[in-house]
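Subject: Handover of a structure and summary of findings

Dear colleague,

Please find the structure below, together with its sequence. A summary of what was found in it follows.

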Amino acid sequence: MVQSMTNTDTRDVMSTVNQIKELEDFDCELVRVAVPDMEAAKAITPIKKAISIPLVVDIHFDYRLALAALEADCDGLRLNPGNITESEKVKTIVRSAKERNVPIRIGLNAGSLPIAKDPTLPVARQMVDAALGQIRLLESMDFDLIKVSLKAFDVPTTVAAYREIAEKIPYPLHIGVTEAGTPKTGVIRSSVGIGTLLYMGIGDTIRVSLTTHPREEVTAGYEILKSLNLREHGPILVSCPSCGRTKVDLVKIAEAVEKELVKVKKPVKVAVMGCIVNGPGEAKDADVGIACGKGKAVLFKKGKKIRTIQEKDFVTELMKEVEGF
């Protein structure tokens, strides 16, 4: 499941709803909102009525905000054991969640861990220990609607924490690399961390945390899943890196095709190749593709050559075949 988090002021219901609807258009499957105060908690009711995907609330410091969000009919809670530490307050939340059958994510972050009994332990072990302590508390109340996340900015720490916790608990894991940065570097950091875990069979929901509009988080999440053949979702663009053999402006062509493919929802593999070495083979392997030469290209569909097209028609002719595929 691919999820994201709004970056609007949750108290601004209209802005938050509009952003969530935009995320829905990008096929976001679950959305989280920040609840920093009681006004934001009360905004959950009108927000939830206006959207179509499950709504999870992000709670820190004040357990009463979790209670208010539950009363406002949220679909899930994220609690941070690093800043809601008193067991009686956690138990109060759990009792209310249990009455409503609402799951709780125990969300650990390396930057806001509870005080460790042994601070010399590696951060990954501290996160695992903190999560296990919170899990035991919830289980003591016969509550098992539990999800767990153990996120750090450091990829090896993140992977180590998830590997260890995956061996110890039966509950779903929400995975991600926290505070990964802007898209340029954050997508790489997230892809390495999330991709490694998914390849090992670890992870049930994902969020790519980026400093940008959250729709880019959703797009990146699906691209990670597609690269591991875990999901079919929208088109896949195959394009070569270009080299001295290329006789066209392949970068410009590929970027133009990529821009057009944003509008396409069907799972179709599209190839834009720049020369005669790998071009014909890769283009033939795609559902639709072009292998470019000087001023013209061969257009392929499902491994068969359709026709030769002129350079001025590369994008339009390719997209006609994509749309009709």
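**Overall architecture**

The protein chain holds 11 helices and 13 strands. Please note that this is a predicted model. The C-alpha trace of the chain spans about 70 × 45 × 30 Å along its principal axes. Of its 325 residues, 49% count as buried. The accessible surface comes to about 15800 Å², and carbon and sulfur atoms hold 51% of that area. Among contacts with a separation of 6 or more, 60% are between residues 24 or more positions apart.

**The parallel sheet**

An open sheet is formed by 6 strands in the order β1-β2-β3-β4-β5-β6, with parallel pairing. Strands β1 (3–5) and β6 (146–151) each have a single partner strand, so one side of each is left without a neighbour in the sheet. From one strand to the next, the twist averages 25°.

Two of the pairings can be described in detail. Strand β2 (residues 30–34) pairs with strand β3 (residues 55–59) in the parallel sense over 4 bridges, and Ala34 has Asp58 as its bridge partner in β3. Strand β3 is also joined to β4 by 4 bridges, again in parallel; here the bridge partner of Val56 is Gly76 in β4.

Which residues of β4 point one way, and which the other? Gly76 and Arg78 point to one side, Leu77 and Leu79 to the other, and all are buried. This fits the general pattern that side chains in a regular strand alternate between the two faces of the sheet.

**Helix α3 and its two ends**

Helix α3 covers residues 63–71, of which Leu65, Ala66, Leu67, Ala68, Ala69 and Leu70 are buried. The cover over these buried residues includes α2 (38–50), β3, β4 (76–79) and α4 (87–100). At the N-terminal end, Asp62 acts as the cap of α3, with a side-chain oxygen 2.9 Å from the backbone nitrogen of Arg64.

Beyond the other end of the helix, Asp73 lies in the loop between α3 and β4. Its phi is near 80°, a positive value in a residue other than glycine. Asp73 counts as partly exposed because its relative accessibility is 48%.

A second residue with a positive phi is Asn229, where the angle is near 60°. Asn229 sits in the loop between α8 (214–227) and β9 (236–239). With a relative accessible area of 71%, Asn229 is exposed, since the cut-off for that class is over 50%.

**A buried loop residue**

Is Ile53 buried or exposed? This residue belongs to the loop between α2 and β3, and at 13% relative accessibility Ile53 counts as buried, because the limit for that class is under 20%. Leaving out residues up to four places away in sequence, Ile53 touches Ile20, Glu24, Cys28, Glu29, Leu30, Val31 and Asp75. The C-alpha atoms of Ile53 and Ala41 are separated by 18 Å, with the two residues 12 apart along the chain.

**Nonpolar cores**

The largest nonpolar core contains 75 residues, and those touching the most other members are Val35, Val57, Ile59, Leu77, Ile104, Leu150 and Ile165. Helix α5 (residues 123–139) gives the most to this core, with 9 residues. A second, separate core has 25 residues, among them Leu250, Ala271, Val288 and Cys292. As a general rule, nonpolar side chains tend to be buried together in soluble globular proteins.

Leu150 may serve as an example from the largest core. Neighbours within four places in sequence aside, Leu150 is in contact with Leu108, Met127, Val128, Ala131, Thr158, Ala161, Tyr162 and Ile165.

One further residue completes this summary. Thr157 is found in helix α6 (residues 155–166) and is buried, with a relative accessible area of 19%. Not counting residues up to four places away in sequence, Thr157 touches Val123, Ala124, Met127 and Ala152. Met127 is thus named among the contacts of Leu150 and of Thr157.

With kind regards

Methods
Residues numbered from 1 in each chain as written. Heavy atoms only, no water. Pairing = 2+ DSSP bridges. Helix = DSSP H or I, 4+ residues; strand = E, 2+ residues; numbered from the N terminus. Axes fitted to C-alpha atoms, helices over the stretch in contact; angles between N-to-C directions. Buried < 20%, exposed > 50% of the residue type's maximum accessible area, 1.4 Å probe, protein only. Contact = heavy atoms within 4.5 Å. Polar contact = N/O pair within 3.5 Å; in protein donor to acceptor, adjacent residues only side chain to side chain. Areas by Shrake-Rupley, 256 points an atom, 1.4 Å probe, with all protein chains shown as cover. Core = buried A, V, L, I, M, F, W, Y, C linked by side-chain atoms within 4.5 Å.
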